[in-house]
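Me: I would like to go through the labels used for this model and ask what stands behind each one. Please set each value against its cut-off.

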Amino acid sequence: MERRTLLLVDAGHSTMEALSLRLRQMDFHVVRAKTADQATEALGDPRFMIGAVIVPPDLPVLDLERSLHVFRRVEPDRV
């Protein structure tokens, strides 16, 4: 069985650390991104098989909708 990767966009929030740790305990591979640029790079990286993107609702970005649109443009079938 192939191990899937979760992209956790957390902007360095310590509250997301617990989620990251729990996901790893559940045998998910977790890639953390602190910026939208890092997340976009991770989505386009062929080393990762990202199956889901987790974005906290209080993520401090100027335009969350625009950021999600960029993610969808990079990997439309995965975001």
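Me: Why does Glu41 count as exposed?
Reply: Exposed means over 50% relative accessible area, buried under 20%, and partly exposed in between (1.4 Å probe, protein chains only). Glu41 has 59% relative accessibility, so Glu41 counts as exposed. This is a predicted model, in which local features need pLDDT of at least 70 and side-chain atom pairs count only at pLDDT 80 or more, while totals for chains, interfaces and linings use all residues. Residues are numbered from 1 along each chain as its sequence is written, and side-chain values use heavy atoms, with hydrogens and water left out.

Me: Where is Glu41 found?
Reply: Glu41 belongs to helix α2, residues 36-44. Helices (H or I, at least four residues) and strands (E, at least two) are DSSP runs, numbered from the N terminus. The C-alpha atom of Glu41 is 9.4 Å from that of Phe71, which is 30 residues away along the chain.

Me: What makes the contact of Asp10 and Arg32 a salt bridge?
Reply: A salt bridge needs a side-chain nitrogen of Lys or Arg within 4 Å of a carboxyl oxygen of Asp or Glu. For Asp10 and Arg32 the N to O distance is 2.3 Å, so the pair meets the rule. Asp10 sits in the loop between β1 (5-9) and α1 (15-25), and Arg32 in strand β2 (residues 29-33), 22 residues apart. By the same rule the count comes to three salt bridges.

Me: How do you know whether Asp10 is buried or exposed?
Reply: The relative accessible area of Asp10 is 0%, so Asp10 is buried. Arg32 has 30%, so Arg32 is partly exposed.

Me: Which residue in helix α1 forms a salt bridge with Arg32?
Reply: Glu17 does, and the closest N and O atoms are 2.2 Å apart. Glu17 lies in helix α1 and Arg32 in strand β2, so the pair ties together parts that are 15 residues apart in sequence. Glu17 is called partly exposed because its relative accessibility is 38%.

Me: What is the N to O distance in the salt bridge between Asp45 and Arg47?
Reply: The side chains of Asp45 and Arg47 meet at 2.6 Å. Asp45 has 15% relative accessibility and therefore counts as buried, whereas Arg47 has 67% and counts as exposed. In another part of the model, Asp10, Glu17 and Arg32 are joined into one network by salt bridges that share partners.

Me: Why can side chains of opposite charge pair?
Reply: They can do so when their charged atoms come close.

Me: What is the order of the strands in the sheet?
Reply: The three strands form an open sheet in the order β2-β1-β3, with parallel pairing. The edge strands are β2 and β3 (50-54), and each pairs on one side only. From one strand to the next, the twist averages 25 degrees.

Me: How do you know that β1 and β2 pair?
Reply: Two strands pair if DSSP finds at least two bridges between them. Five bridges join β1 to β2, so the two strands pair. One of the partnerships is Leu6 with Val30 in β2.

Me: Which strands does α1 touch?
Reply: Helix α1 packs on the sheet and touches β1, β2 and β3; contact means heavy atoms within 4.5 Å. The direction of α1 makes about 160 degrees with that of β2. Axes are lines fitted to C-alpha atoms, for helices over the stretch in contact, and angles run from 0 to 180 degrees between N-to-C directions. Helix α2 also packs on the sheet, touching β1, β2 and β3, and its direction makes about 170 degrees with that of β1.
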